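Trainee: I am new to this structure and would like to go through it slowly, one question at a time. Could we look at it together?

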Amino acid sequence: MSIAQIILLILVAYSIILVVRRVVKKQSSIREILIWIIFWLVGAILIIKPDFSQRFASMLGIGRGVDLIIYIAIILSFMMQYELLTRQQNLEQLLTKLAREIALSNVIDNTKNTDGSKPLDTLGASSNNIKK
Amino acid sequence: MIRVVLITLEYNRFPAILGDMELPKNTWFVIAAYNEAARIGAVLAELVAIEANVVVIDDCSADNTSEVCLNYKCAVIRHPINLGQGAALQTGMDFARSKGASIVIHFDADGQMQLKDVPALIDPILNNEVQVVLGSRYLHVNNQVPWSKRWFIHFPAVYLQWFLTGLKLSDAHCGFRALSREAVEICQLRQNRMAHATEILELISNNHLTYQEVPVDIRYNQYGQGFRKGLIVLKDLFFSKLT
């Protein structure tokens with residue numbers, strides 16, 4: 001086994017440990033992390049025996065097994081990034097909506113006062129305000 | 001006696017005089033402000049003097065912008081977190097709409113915009129000619145935009161806006177605008193930061209709103225959005241188009 005393979009296997013082992021720890025700490029169930037365990041085990045197999053990917057690659061008409069792995073990784077990455085991007089944008093919209101609701105429920109409206117004799121609202125005096 | 005009291009309590013009953021023109025009763029100035037405590041007082045003093053309806057949205061300023069505004073006859077809304085100018089304007093428009101605004105004017109908090117431009121800005125809407133009026137610095141004879149800004153930032157921006165929105169304007173990103181009630185009701189800005197300017201143009205083109213540009217005199221006391229911030233706008237637009 002080459003040095004690269006050893007290093008990669010260590011990383012894969014570490015990733016599996018992280019995932020298994022979540023189950024031990026009862027933050028996830030086994031069913032939830034199963035797909036990740038399978039993913040890392042497949043990764044480990046491919047690291048130990050890179051020829052496996054070569055067979056699939058030839059079937060699909062791609063030159064090298066490594067290329068196939070890279071293509072799949074890139075496609076999956078883009079899919080995940082798209083998902084993350086949409087979720088982040090949705091979160092931002094929700095956050096904006098929430099902040100806006102808070103702001104609009106605490107408006108200090110002095111436009112109603114018509115003459116200088118009425119004291120203007122101050123941040124402390126109005127009952128509409130959140131105490132800072 | 002009671003009737004007299006009731007009449008004086010009805011705010012802004014008497015339209016204000018602005019030049020030769022009366023400021024209609026339901027015209028609202030929406031001012032987004034961020035750390036403008038030093039300058040917003042003068043702006044509000046002028047607006048209050050013409051009895052305008054003003055709502056200031058303090059985008060979670062670090063200085064005492066809100067406190068300064070409380071000394072003037074205006075509505076003050078404070079965002080609990082900093083969201084950006086687009087979000088602040090949208091909050092202001094929501095508020096103005098709830099107050100029955102028939103025209104909304106986007107106005108800057110830093111004193112760069114001049115009240116004398118307001119009649120030209122709202123006239124086309126009052127005459128039912130258009131639904132949105134966009135101020136243009138470049139139509140104005142006296143524009144003070146620095147040469148470098150005009151050629152390296154502004155002209156590319158105009159062509160980019162044309163590509164993105166289908167609208168070819170003389171000024172891509174001027175914040176001095178007036179919107180009719182229909183435009184305000186359709187307007188739901190999703191771009192929180194500076195890309196909202198492009199989003200407003202998209203609003204116009206997607207909803208086939210009628211619009212017009214009028215010259216406005218913007219007095220610069222600082223450089224404004226630099227080249228880097230322009231790139232950030234592009235980045236925001238790009239990512240919003242991806243999803």
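The questions and answers below go from the two chains to one pair of helices.

Trainee: Before anything else, how many helices and strands does chain A have, and in what pattern do they follow one another?

Mentor: Keep in mind throughout that this is a predicted model. The secondary structure of chain A consists of 4 helices and 1 strand. Read along the sequence, these elements of chain A give the pattern α-α-α-α-β.

Trainee: And how many helices and strands does chain B have?

Mentor: Chain B is the chain of 243 residues. Its secondary structure comes to 9 helices and 9 strands.

Trainee: What percentage of the residues is buried in each chain?

Mentor: A residue counts as buried when its relative accessible area is under 20%. In chain A, with its 132 residues, the buried share is 24%. For the 243 residues of chain B, the buried share is 52%.

Trainee: Among contacts between residues at least 6 apart in sequence, what share in chain B joins residues at least 24 apart?

Mentor: For chain A, residues 24 or more positions apart account for 26% of the contacts with a separation of 6 or more. For chain B, taking contacts between residues at least 6 apart in sequence, the share that joins residues at least 24 apart is 74%.

Trainee: Turning to helix α8 of chain B, is it largely enclosed or largely open to the outside?

Mentor: The buried residues of α8(B) include B:His196, B:Ala197, B:Ile200 and B:Leu203. Because 9 of the 11 residues of α8(B) are buried, the rest of the structure leaves this helix largely enclosed.

Trainee: How are α6(B) and α8(B) oriented to each other, parallel, perpendicular or oblique?

Mentor: Helix α6 of chain B spans residues 147-165 and helix α8 of chain B spans residues 196-206, and they pack with their axes 10 Å apart at an angle of about 45°. The crossing in which α6(B) passes α8(B) is right-handed. The two helices, α6(B) and α8(B), are therefore oblique.

Trainee: Which residues of α8(B) take part in the contact with α6(B), and how do the contact residues divide by type?

Mentor: On the side of α6(B), the residues are B:Gln161, B:Leu164 and B:Thr165, and they meet B:Thr198, B:Leu201, B:Glu202 and B:Ser205 in α8(B). Sorted by type, the residues of this contact are 2 nonpolar, 4 polar and 1 charged.

Trainee: Lastly, which residue with a positive phi follows α8(B)?

Mentor: The phi in question is near 55°. The residue that follows α8(B) with this positive phi is B:His208.

Definitions and conventions
Residues numbered from 1 in each chain as written. Chains lettered and ligands numbered in written order. Predicted model: local features only at pLDDT ≥ 70, side-chain atom pairs only at ≥ 80, totals over all residues. Heavy atoms only, no water. Axes fitted to C-alpha atoms, helices over the stretch in contact; angles between N-to-C directions. Parallel < 35°, antiparallel > 145°, perpendicular 65-115°, else oblique. Left-handed = near helix turned anticlockwise from the far one by under 90°. Contact = heavy atoms within 4.5 Å. Nonpolar A, V, L, I, M, F, W, Y, C, P; charged D, E, K, R; others polar. Buried < 20%, exposed > 50% of the residue type's maximum accessible area, 1.4 Å probe, protein only.
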